[in-house]
Amino acid sequence: MRLKTSLLKEPKHILSVKINCLGWTTADELYSCSDDHQIMKWNLLTGETTRVVKLPDDIYPIDMHWLPRSIGGKKQSQADSFVLTSSDGKFHLISKLGRVEKSVEAHCGAVLAGRWNYEGTALVTVGEDGQVKIWSKSGMLRSTLAQQGTPVYSVAWGPDSEKVLYTSGKQLIIKPLQPNARGLQWRAHDGFILKTDWNSVNDLILSAGEDCKYKVWDSFGRLLYSSQPHEYPITSIAWAADGELFAVGSFHTLRLCDKTGWSYALEKPNTGSIFNISWSVDGTQLAGACGNGHVIFAHVVEQRWDWKGFEITLVKRRTMQVHNVLNNAVDVLEFRDRVIKASLNYGHLVVSTALQCYVFSTKNWNTPLIFDLKEGTVSLILQAERHFLLVDGGGLYLYSYEGRLISSPKFPGMRADVLNAQTVSLSNDTLAVRDKADEKVIYIFEALSGKPLGDGKPLTHKTEIVEIALDQRGLTSERKIALIDKNRDLYITSVKRFGKEQKIVKIGTMVQTLAWNDTSNILCGIQDAHFTVWYYPNTVYVDKDLLPKTLYEKDGSEFSRNPQIVHFVGNLITIRRADGALVHLSVSPYPAILHEYVSGSKWEDAVRLCRFIKDQTLWACLAAMAVANKDMATAEIAYAAIGEIDKVQYINFIKDLPSKESRMAHILLFSGNTQEAETLLLQAGLIYQAIQVNITLYNWDRALELAVKHRTHVDTVLAYRQKFLQDFGKTETNRRFLQYAEGV
């Protein structure tokens, strides 16, 4: 990926008068302000530049920010007014036509930055006087959030518009709007911090300083990335709207970076210092305000997508090149508008442009299916085998590969603009979305109807969730979701919930990243410097002690810190290291073949495969799969192969039981589902067996309760209890047992 930059031969502002600020109204229209007091409008479609207004000579603009386009849930087609801060201590509310609606005395000395919150209901300004002030939309002062002795150069809103991030010399400070809430402050750079930005999608913070470095932080102030020192101070930094990329500006320097910090491309344009960077609404291009009076435009090109034998590159804004690695064939795809987002998976390429969506099959590149989009900018495309999901500012839309709209799921307080691939997951029958308002909650929908799944209640975890992923294969009733929480613990749970509360079970700790396989339910992740593959994660619901034996672990020190799994296709895993390098790993193909045999109930073939491979991990997977599918003959062979003799004996005991119900109940007991086993026995009228199960597990109170309730075998329970106490030389202290002992 790189930037394709363009500069006009002659600047439209007065030459060598620096441009201070700029902002996009639509994806093709930009406004810029410079020290020559002019506000210019740039139309990129026609290439025209017009003067909107000449400001009074005493107004020297410093910063501008357009009012957000989605106000109160209603999405406007374009922004209609902006705030302009100036060196005379005022900020000005200016309409799109250049009329100054209102000027407000705000600070002593220059107002160095002004930012609208995401809803467009409040404005924050910071100044040379060290004050941070919050204003209403109409320009009335609401509160002075902070006062300090040093100028505040830059400010940004938190993702929920409840906190403000601002600079204070070499420190960064996060201050909540609530008066008595605790803030956060940390030393971020060795020199003054000049610019900062906070992204609403990935919740990461950027900072740029006079120490010639730029850094990436999480919202707790932990350093995720620090660049090498540049030759000159970093004068500007800005996130793209979707939080996947950011741009860095310095003297004669423009850099495009990934969200984890490593650099895609470095341009050295002749611009002087770049004082401000603004990304267009769709994230395909950016503009920079240059010290020599120019405005530099840069388009993101040469993005790459690959899947199996295909490699696709965006060569120009409207052109893609498809390279089939297997036969070296090259196809060129032309589009009417510029490409905004694309995704290649499951044999289909989905491309969204400004107005349309194209769906290509990898078997035929000549005849795409084309349909018009409701809203403009698509911010995310997710694919499953049978359909794909488009996310834009307005909502979630699920389409089939034939271009038919299947459903459009909604939930209360949904903000589609802050969703990314970590917080949304799609499978053939299910869609899961993590809530932004309450990060402990996952909403789960049926893909085909768009209605909430099961009893309609969302899935709730005890701590905040950072990443979710649905498995891709198998029956809908067995669909599992894996989730990583804030403590980096990995949990797995079932998606279907009818009344009974499915356990959320922990299967890993310190997990950085995870991915499900595309053809079988195998999960891989990087936990605590180890690369781990869970060949059959469902083992936790069948036989928890067996889980460690179904894992494959490999030393992960070669991936450095904070690696990301890009995809897990077939038996090939692609991992992106922290320095941007791609590392490919292959895992054994046999567990996937085993999954295939088991899903087709080919138990003999599965046993034959395990005997041929002679691998303990594979036998352990087969044992768990057999118990899950209640095939005890295969389970017995598999447990014997891994030396679990006690379990083999128990399986033999189960096989000899006379009734089908008691066999089923003991299989449930084998998997640790005591409650379900007891319920099954009671429903079948096997009261004595239900009591005996509780006695065996030393659930004395429950055994007595059942005996009393059904008026049978009370003496048996008391006798077993008596023997138990005698063995341990104890006396009876439980009141209920004493009470019934007198009666018997």
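In this predicted model, the charged end of Arg-721 sits over the ring of Phe-737, at 4.7 Å from the ring centre. A like arrangement involves Lys-18, whose charged end lies over the ring of Phe-275, 4.6 Å from its centre.

The domain assignment of the protein lists domain 1 (2–301) and domain 2 (657–743). The centres of domain 1 and domain 2, taken over C-alpha atoms, are separated by 70 Å.

**Aromatic pairs**

The count of aromatic pairs in the model comes to 30. Two of them, both edge-to-face, are set out below.

| Pair | Centre to centre | Angle between planes |
|---|---|---|
| Tyr-31 and Trp-66 | 4.8 Å | 80° |
| Tyr-214 and Phe-246 | 5.8 Å | 75° |

Tyr-31 belongs to strand S3 (residues 29–34) and Trp-66 to strand S6 (residues 61–66), so that this pair links distant parts of the chain, 35 residues apart. Tyr-31 counts as buried because its relative accessibility is 1%, under the cut-off of 20%. Trp-66 is likewise buried, with a relative accessible area of 5%.

In the other pair, Tyr-214 is found in strand S22 (residues 214–217) and Phe-246 in strand S25 (residues 245–250); the pair therefore ties together parts that are 32 residues apart in sequence. Tyr-214 and Phe-246 are both buried.

Ring pairs also join several residues into a cluster, which consists of Phe-310, Phe-335, Tyr-358, Phe-360 and Trp-365.

**The surroundings of Arg-338**

Arg-338 occupies the loop between strand S34 (329–334) and strand S35 (339–345). Is this residue buried or exposed? Arg-338 is buried, because its relative accessible area is 10% and the cut-off for burial is under 20%.

Beyond its neighbours within four places in sequence, Arg-338 is in contact with a set of residues that includes Asp-282, Thr-284, Arg-317 and Thr-353. Ala-27 and Asp-28 are also among these contacts. The side chain of Arg-338 makes a polar contact with the side chain of Asp-28 at 3.0 Å, and the side chain of Arg-338 reaches the backbone oxygen of Ala-27 at 3.5 Å. The C-alpha atom of Arg-338 is 8.1 Å from that of Thr-319, a residue 19 positions away along the chain.

**A strand hairpin**

Strand S26 (residues 253–258) pairs with strand S27 (residues 263–267) in the antiparallel sense, over four bridges. Arg-255 has Leu-266 in S27 as its bridge partner. Four residues lie between S26 and S27 in this hairpin, and Gly-261 in the turn has a positive phi of about 115°.

Terms used
Residues numbered from 1 in each chain as written. Heavy atoms only, no water. Helix = DSSP H or I, 4+ residues; strand = E, 2+ residues; numbered from the N terminus. Buried < 20%, exposed > 50% of the residue type's maximum accessible area, 1.4 Å probe, protein only. Contact = heavy atoms within 4.5 Å. Polar contact = N/O pair within 3.5 Å; in protein donor to acceptor, adjacent residues only side chain to side chain. Pairing = 2+ DSSP bridges. Domains from an automatic or database assignment. Phe/Tyr/Trp six-rings, centres within 6.5 Å; stacked < 30°, edge-to-face > 60°. Lys NZ or Arg CZ within 6 Å of the ring centre and 35° of its normal.
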